[in-house]
Amino acid sequence: MEYTFFQLKEEERKIDLSVISEKLKNYTEEIVIEIMEELLKKDEFSHVCTCETCLLDIASYSLNRLPAGYVASHQGEIRTRIREFETQLKVDAISTITEAIKTVSQNPRH
Ligand SMILES: [Zn+2]
């Protein structure tokens, strides 16, 4: 009896979560990719392998150590909020990504 009750209740209440991950954006990802590009162009890192495996390892190493900054894409004033977030994050990101590049290039997975 209880089973039926719960089943009916679930059917009544339709919650569509399928769009949630599409509409969420982690801006730390964009910042990390942007800074990776700048840093990897430096002479200091000219020897660093930039194959897909190494780039993904550098990005995931960095993203696992930096705070995520999720913004819902329908929210207003996103640009302003991202800029505030960027300023706070960029200094940390540069040192974390530098560490990531050194760690990954010293221990490449290939
Ligand atoms: Zn590589």
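A trainee and a mentor talk through how the labels on this predicted model are earned.

Trainee: What should I know about the model before we start?

Mentor: It's predicted, so local features need pLDDT of at least 70 and side-chain atom pairs count only at pLDDT 80 or more, while totals for chains, interfaces and linings use all residues. Residues are numbered from 1 along each chain as its sequence is written.

Trainee: How many helices and strands are in the chain?

Mentor: There are 5 helices and 2 strands, in the order α-α-β-α-α-β-α from the N terminus. Those are DSSP runs, helices being H or I with at least four residues and strands E with at least two.

Trainee: Why is Thr-53 called exposed?

Mentor: Exposed means 12 or fewer other C-beta atoms within 10 Å of the residue's own, buried means 20 or more, and partly exposed is in between, with C-beta atoms placed from the backbone. Thr-53 has 12 C-beta neighbours inside 10 Å, so it counts as exposed. It lies in helix H4. Buried residues make up 13% of the 110 residues in the chain.

Trainee: What does Thr-53 touch, not counting residues up to four places away in sequence?

Mentor: Arg-109 and His-110; a contact needs C-beta atoms, placed from the backbone, within 7 Å. Thr-53 and Val-104 are 51 residues apart in sequence, with their C-alpha atoms 9.8 Å apart.

Trainee: What makes up the largest nonpolar core?

Mentor: A nonpolar core is a set of buried Ala, Val, Leu, Ile, Met, Phe, Trp, Tyr and Cys residues joined through C-beta atoms within 7 Å. The largest has 11 residues, among them Val-32, Leu-63 and Val-104. Helices H3 (27-40), H4 (52-65) and H5 (78-106) each give two or more residues to this core, and H5 gives the most, with 6.

Trainee: Why is H3 called oblique to H4?

Mentor: Their axes come within 10 Å and cross at roughly 130°. Angles under 35 degrees are roughly parallel, over 145 roughly antiparallel, 65 to 115 roughly perpendicular, and the rest oblique. That crossing angle therefore makes H3 oblique to H4.

Trainee: Which residues make that contact?

Mentor: From H3, Thr-28, Glu-29, Val-32, Ile-33 and Met-36; from H4, Ile-58, Ala-59, Ser-62 and Leu-63. Val-32 also touches Ala-93 and Ile-97, among others.

Key:
Contact = placed C-beta atoms within 7 Å. Axes fitted to C-alpha atoms, helices over the stretch in contact; angles between N-to-C directions.
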